[in-house]
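Here is a short report on one protein model. Please keep the sequence and the 3D view open while reading.

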Amino acid sequence: MKELFETLKIEDGKIFNLKWHTKRLNQSRLELFSLHKPLNLADYINTPTQGLYRCRVVYDLEIKSVEYIPYAPKFFRSFKIVQSNLEYNYKFNERSELNKLRQEDYDEIIIEKDGFLTDTSIANIAFYDGQDWLTPKTPLLRGTTREKLLYEGFLKLKNIKKEDIKNYSHFALMNAMIGFQIQKSMNIRL
């Protein structure tokens with residue numbers, strides 16, 4: 001049975017986006033294992049009271065483990081677009097296929113699938129067209145920060161091709177740990 005995981009941000013005792021992580025965890029359990037009884041993720045987390053942590057919850061039919069890892073932010077300056085037909089609709093613990101796509105010459109990759117941009121290996125993406133922040137209609141994984149920002153109306157969905165990048169003034173990454181982070185560099189190699 002494949003294990004899944006959730007990564008939650010905890011800072012000084014506060015859990016970020018708990019509602020959205022709990023929703024994804026229970027949706028994954030329902031779709032993959034036909035488990036209709038929802039879990040309350042908060043029941044399994046004992047928040048550290050000081051500092052910034054990446055809380056990693058591993059689960060399948062039940063919660064398998066909860067880890068608290070001190071978090072140091074990563075900074076990205078260069079990106080490369082790579083093509084792949086990878087399927088990653090669920091946040092599986094096994095990420096070897098996703099990790100194989102990484103390029104040593106670049107800080108991060110942007111995955112292109114079926115002619116459209118999807119995600120990086122660790123985050124959803126968005127581009128700013130001067131009026132709206134646009135995120136790909138077909139991400140590899142529906143991240144919790146992305147889902148929250150779509151729900152709030154901050155993001156709009158759009159099919160984005162690599163040729164479209166020149167039309168955008170800003171580029172952002174989003175995931176549980178960094179929130180919505182506008183990148184200082186649009187150094188994206190096609």
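The lining of the second largest pocket has six charged, four polar and three nonpolar residues. This is a predicted model. The volume of the second largest pocket is about 280 Å³. Its lining counts 13 residues, and those closest to the centre are Lys23, Arg24, Gln27, Arg142 and Glu147. Two helices, helix 1 and helix 3, each give at least two residues to this lining. Helix 1 supplies the largest share, six residues.

The largest pocket has about 640 Å³ of space. Its lining takes in 32 residues; Thr7, Lys91, Arg95, Ile122 and Asn175 are the closest to the centre. Several elements each give two or more residues to this lining. The helices among them are helix 1 (18–33), helix 2 (96–100) and helix 3 (144–151). The strands are strand 1 (4–11), strand 3 (52–59), strand 7 (116–120) and strand 11 (170–175). By class, the lining of the largest pocket has 14 nonpolar, ten polar and eight charged residues.

The lining classes of the two pockets are set out here.

| Pocket lining | Nonpolar | Polar | Charged |
|---|---|---|---|
| Largest pocket | 14 residues | ten residues | eight residues |
| Second largest pocket | three residues | four residues | six residues |

Next comes the sheet. In what order do the four strands of the open sheet run? The order is 2-1-3-4, with antiparallel pairing. Strand 2 (14–15) and strand 4 (63–70) are the edge strands, each pairing on one side only. Strand 3 and strand 4 run antiparallel and are joined by seven bridges. Arg54 stands opposite Ile69 of strand 4. Helix 1 lies across strand 1, strand 2, strand 3 and strand 4. The angle between helix 1 and strand 1 is about 175°.

Two loop residues deserve a look at their backbone angles. Ser34 sits in the loop between helix 1 and strand 3. Its phi is near 55°, a positive value in a residue other than glycine. Is Ser34 buried or exposed? Ser34 counts as exposed because its relative accessibility is 51%, and the cut-off for exposed is over 50%.

Asp114 lies in the loop between strand 6 (108–113) and strand 7. Asp114 is not a glycine, yet its phi is positive, about 55°. At 59% relative accessibility, Asp114 also counts as exposed.

Note on methods:
Residues numbered from 1 in each chain as written. Predicted model: local features only at pLDDT ≥ 70, side-chain atom pairs only at ≥ 80, totals over all residues. Heavy atoms only, no water. 1 Å grid on protein atoms, 1.4 Å probe; cavity = no way out; pocket = protein on both sides within 12 Å on 5 of 7 lines; lining within 4 Å. Points joined across faces, edges and corners; volume = space filled by probe spheres on them. Nonpolar A, V, L, I, M, F, W, Y, C, P; charged D, E, K, R; others polar. Pairing = 2+ DSSP bridges. Contact = heavy atoms within 4.5 Å. Axes fitted to C-alpha atoms, helices over the stretch in contact; angles between N-to-C directions. Buried < 20%, exposed > 50% of the residue type's maximum accessible area, 1.4 Å probe, protein only.
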